[in-house]
Amino acid sequence: MSNLVGIDLGTTYSAIARLDETGRPVIIDNSEGGNITPSIVLFESESNVIVGNIAMQNFGVDKNAFGRFKREMGTNKEYNAFNKTYNPTALSSFVLKKMKEDAEENIGKISDAVVTIPANFANEAREATLAAAKTAGMSVKNIINEPTAAALYYAYSSGDELNGTYAVYDLGGGTFDISIIKVQGSDIEVINSDGVSKLGGDDFDTKIIEIVQSKFKDQTNETLDEEDFTKNDAEEHKKTLSARDKTNVRIASPKGRATIEVTREEFENSISTLIAQSEMTCENVLDEANLSIDDINEVILVGGSTRMPCVRNSVEKIFKKKPKTFGNPDEAVALGAALFVAYKSDPANLTPLQQKAVAKVNISDVATKFFGTSILEWNEETNQHGMKNDIIIEKGKKLPCSVTKDYVTVSDGQTSINCTVNESNVEETDPDFVKKIWEGNLQLPDGRPAGQKVNVTFSYDENQTMKCSFHDVSSDKKTEIDLSVDNKSSKSEVNINDFKVE
Ligand code: AMP
């Protein structure tokens, strides 16, 4: 039998899971015996990398310890350690390598993995995640949206009893996602998904730091240094405030000593705009799906930050029903990914009981962004051509999908076409307000009149990565782009074999 694993590569913590021989999804503990591994990377030297708990102890204290890089996936953000530069993809590959090696100690060589990603991750962040897995030496054919994975685990845990429309509210360390899904037994259809890519526990930790810094200044007239009250410290106090009304922060720093009380009320006030942002996103996702709260059977909570009382209250206020947790919110996504990797694999790789566990699973997901291309369009008002972002794939379109639109060349003798792929969260026609994720050129033959047919095809697969083609019909010339292999910023520039990763 093959060893298949599902990995939740989280902003703050990561988890890895598999189906046991009986077909039950289970977490694979890391080498320290923990069910989750902090997504923190510490460079001990140029070639020695520590991932997890020890790295976490140094986060905020040692300048060679890095965390929260998932929030920067697909960007060119640089992290410097021992005179070398790393991008978020490279740092993620270290976390994945540690997860892989620890799991292999337990279960033997991993043959295939599925990695989860936030539903509203942009195309380049999805590709960066796939690239990180590849660098870590893993075969990853599929990625799955975190709320979809959680929904799958929820459907599995509930037996065949689920039937209706559910909201999956996923608030972890770095991102917030809300997905509306239709479930019938193990049949899961994602109807709509929205989110905020930078909203999560990490932002709440920052607010705790701000409160403590401000009170320290009031008490001592000194400015508190970052290393004297770190993100880790803030996170611990934040967790205390989920259980208690107040917490006492004791600071012993070179700038002075202080005991600072932070109340839950103060903390909740400080994050109220962030919570309001999540509430607006929930209302928006219902609107877009043409649903009212009465259409939602249940709200399912996923992600560590849903342990916060004010988050639960906010969900209850929006959906007018008590949200539901099931199992451990830190584990649900990885456990769902373990079901998904088995569902995607050849049944010959599964035990009969594992086959049974996923036999009835059927998942369909939707595009979580709009994708379009920039075209020249005649504007009746200005009496001239103007640029327009013409949407080709609508947000909410069922995946996989392939959409072709026909365009024509605009001028006589036109010898090239500027080809673009644009991404947006809303249905935006102005090219200045969308994100250009790719740009290229299609050369055309000389001497033709305007009005030559050009077909543009965008194909979007279940991994939510794109292939695009710009096709000049009469000459049969094409410019094709596979965005999952072309994106420069997503590439990891490390050779993982040059590093010892513990
Ligand atoms: P996840 O990405 O789902 O592992 O969620 C991690 C986030 O959940 C981190 O920001 C944690 O600080 C946060 N978290 C975990 N437990 C609690 C808790 N009891 N109260 C508040 N936040 C929590």
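**Why these labels fit**

Tutor: In this predicted model, a side-chain polar atom of S242 sits 2.6 Å from a nitrogen atom of the ligand. Residue numbers start from 1 along each chain as its sequence is written, and side-chain values use heavy atoms, leaving out hydrogens and water. Since the model is predicted, local features need pLDDT of at least 70 and side-chain atom pairs count only at pLDDT 80 or more, while totals for chains, interfaces and linings use all residues.

Student: What makes the S242 pair a polar contact?

Tutor: A polar contact is a pair of N or O atoms within 3.5 Å; within protein, one must be able to donate a hydrogen and the other to accept it, and residues adjacent in sequence count only if both atoms are side-chain atoms. The S242 pair, at 2.6 Å, falls within that cut-off. E235 makes one too: an N or O atom of its side chain is 2.6 Å from a ligand oxygen. S305 uses a polar backbone atom, 3.2 Å from an oxygen atom of the ligand.

Student: Why is E235 called buried?

Tutor: Buried means under 20% relative accessible area, exposed over 50%, and partly exposed in between (1.4 Å probe, protein chains only). E235 has 4%, so it counts as buried.

Student: What about K239, and why?

Tutor: K239 has 42% relative accessibility, so it is partly exposed.

Student: How do you know that K239 and E235 form a salt bridge?

Tutor: That takes a side-chain nitrogen of Lys or Arg within 4 Å of a carboxyl oxygen of Asp or Glu. For K239 and E235, the closest N and O atoms are 3.6 Å apart, so the pair passes. Both lie in helix α6, four residues apart, about one turn of the helix. Helices here are DSSP runs (H or I, at least four residues), strands are E runs of at least two, and both are numbered from the N terminus.

Student: What makes K70 and E146 a salt bridge?

Tutor: The closest N and O atoms are 2.7 Å apart, within the limit. This pair links distant parts of the chain, 76 residues apart: K70 is in the loop between β7 (65–66) and β8 (79–81), E146 in helix α4 (residues 146–157). Both K70 and E146 are buried.

Student: And what makes K388 and E377 a pair?

Tutor: Their side chains meet at 3.4 Å, N to O, so they fit the rule as well. K388 is in strand β20 (residues 384–393) and E377 in strand β19 (residues 370–379), eleven residues apart. At 35% relative accessibility, E377 counts as partly exposed.
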